[in-house]
Amino acid sequence: MRSDFRRFKDIMAGHKTFQGLPVSPGIAVANAVVLERELRKVNRQQIREGTGELEVERLRQAIQKTRRDLENHRSKAMASFGEIVAKIFDAHLLILDDEPTFDQIEEGILTENIKAEYALFRELDHVARNLSAQQVDIFRDRAQDVRDVCRRILNHLDGSPTDSMVGVDKYSILVAAELNPSDILHLDPELIIGVVTDAGGATSHTAILTRILGVPSVVGLRNFSKQVKAGDLLVVNGNSGKIIQNPTAKQFEKYTKKQSQYRSYMRSLSDIHQLEAQTTDGHSVTIAANIELPDEAHRVIENGGDGVGLFRTEYLFLAKGGLPDEEEQYREYIKVAEILNPKPVIIRTFDMGGDKAFPGIDFPHESNPFMGWRAIRVGLEKPEMLRTQFRAILRASIHKNVSIMFPMISDLNELQLAKEIFHEVQADFKQEGIAFDDKMKVGIMVEVPSVAVMAHQFAKYVDFFSIGTNDLVQFTLAVDRGNEQIAHLYKPWHPAILHLIKHTVDAANSEGIHVGVCGEFAGNPLATLLLIGLGVQELSSSPSRIPQVKKIIRSASFEECENLAHKVMDFDTSSDVYDFLLRYMKKRFADMPIWFGNNS
Amino acid sequence: MISRKLTLQNKLGLHARPASRIVKLATRYKGTTVELVRGGDIVNGKSILGVMMLAAGMGTELEIRVDGPQEADLLEEIAELINNKFYEE
């Protein structure tokens, strides 16, 4: 009765919760700023006869200012994120260079005596609508660029601040239907303490960039931005993906406390960076990071990581809009190798396919793309593409800190074919006299259950295993991780997963090869002691997770980890495993505000 | 005015980069005009937005119309780009 009453009151106050995809960890409580992403309609307005020349001059100046802005963004992006992100602005600059289009706009002003704003809007809105209506996404996605350019010029025309973040003068949470990389580049992490978008997945620009900036972020909230008003109080939980709109006084208090605890806890971890990830009884573990952009390598060092356990290379495709050539790939790989040197870097060959379109490769329509033509399967059918990548990786190995890893291996034959091509390229290098590390380690992702089951066999042919839990869970439990209807069945805590991990680790240990876990599971504090106890030698997740994982490892003994793992391996269901670990870890680390989460 | 019909053979068709290569090439020839025709749509070959709006994918047949003092040279260069898949594959 009482709780019913309270719920009623909450609804009256507009209290609502939403569930999205957490992509950058942390807690934020603040008022919302809602970013308008739609292009405001401009109405036809006439100007006085004979003032057309002045109007054209006004437009030209606004275009000139816009060009300067974009060039500034480009160099800012270059400095903080590197060439790949910087290139995103080239598309905008290309549009500004479109002489025939701007000539036509100027002609409209002169012959029809209309305001520059209207002439510009009329033309570019027409183009944007036309592009939006296209079937193929590479054309459709460009509509956003056209609107962005149009909005920028319009803002300069009426003198309003053109960069969205100007005007935010207190802690705020940024809400938008979707964000352009330029929006995120402008976000001041001191003031924008959370980011929430309707669109986007774990590999969207928003996800990648907010993780790099260390701003809590939740994406994939459908039409959330339409339901939020500027000034609404929001709680953003970047650990669980939960958003609370207009929280109750009690919730507000609870999350504000969590927010400040989390912040001071993160600050307190800064002294752990230089310390080794070692248990109290001297068992050392490698704590590495997964990265997507070369410049994230700096974050790995700043957070005290021991290396890069997974350098995803797909971003090169997406940013370039096509297949990157050897030189382009080499530049990115060597950059990471040099930033990390002498710490190790594992470069994973392209894992294209799945739910993402890759410009430059013709993907057939598939009804089950995650189990379809992707990753090494594409590579083996396009050996030239694989060779080019091998060459770039080999060239980047001169500091002897680079390893190579193949994704989505499901059969020994695929591994052998991939290795054969790799050896051919190495032989070419010898013949051509190109320097490379001839002792480079070759490993595979263990993410298809067949490989985990046959790990003892695979271990004879590789130098290391990296267990990719995201796909291993999806394939073992037959649960599509993008399908919301069955999201509750996606359980990394399932005993079957733990047994496959243990089986893989045991096989690796008996062959004397290195074994790590990459994927979100490796960064989940609830799993840290368990994975170490199972004998995993390396944990690799987001750079921002490193200090916390290290802290947990440095607080426990290896004996404790082994006992814990031993106990957990006897459980029958995922909820037994999860409930036990949650209770154990919460009690064990009661003095630290570690977020143990409520959904894996 | 001269013209030629050409079929796009590269996988992604006239998306941003190939489109910008045609535009850059066409822009070098001052005083010569280029039109790309697809069905009933005619766009200015010196406008990146125009070319993109054709949304011409692989296998699309385009008519290229060139008019001006160096029309033959320019048409030849455009044909070479398209027939060589924009040197990207």
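A charge is said to sit over a ring if NZ of Lys or CZ of Arg is within 6 Å of the ring centre and within 35 degrees of the ring normal. With that in mind, and remembering that this is a predicted model, begin by selecting R395(A) together with Y330(A): the charged end of R395(A) sits over the ring of Y330(A), 4.1 Å from its centre. Then select R588(A) and F589(A), where the charged end of R588(A) sits over the ring of F589(A) at 5.1 Å from the ring centre.

Turn next to the aromatic rings, of which the structure holds nine pairs over all chains. Select F390(A) and F422(A), whose ring centres are 5.2 Å apart and whose planes stand at 85 degrees, so the pair is edge-to-face. This pair links distant parts of the chain, since F390(A) belongs to helix α17 (residues 383-395) and F422(A) to helix α18 (residues 412-432) of chain A, 32 residues apart. F390(A) counts as buried at 0% relative accessibility, and F422(A) is buried as well, with a relative accessible area of 1%. Add F406(A) to the selection, and you have a cluster in which ring pairs link F390(A), F406(A) and F422(A).

For the last stop, select D351(A), which lies in the loop between β11 (345-348) and α16 (376-381) of chain A. Is D351(A) buried or exposed? Its relative accessible area is 13%, under the 20% limit, so D351(A) is buried. Show R374(A) beside it, because the side chains of D351(A) and R374(A) make a polar contact (3.1 Å). Leaving aside neighbours within four places in sequence, D351(A) is in contact with residues including E314(A), F358(A) and P407(A).

Definitions and conventions: Residues numbered from 1 in each chain as written. Chains lettered and ligands numbered in written order. Predicted model: local features only at pLDDT ≥ 70, side-chain atom pairs only at ≥ 80, totals over all residues. Heavy atoms only, no water. Phe/Tyr/Trp six-rings, centres within 6.5 Å; stacked < 30°, edge-to-face > 60°. Helix = DSSP H or I, 4+ residues; strand = E, 2+ residues; numbered from the N terminus. Buried < 20%, exposed > 50% of the residue type's maximum accessible area, 1.4 Å probe, protein only. Polar contact = N/O pair within 3.5 Å; in protein donor to acceptor, adjacent residues only side chain to side chain. Contact = heavy atoms within 4.5 Å.
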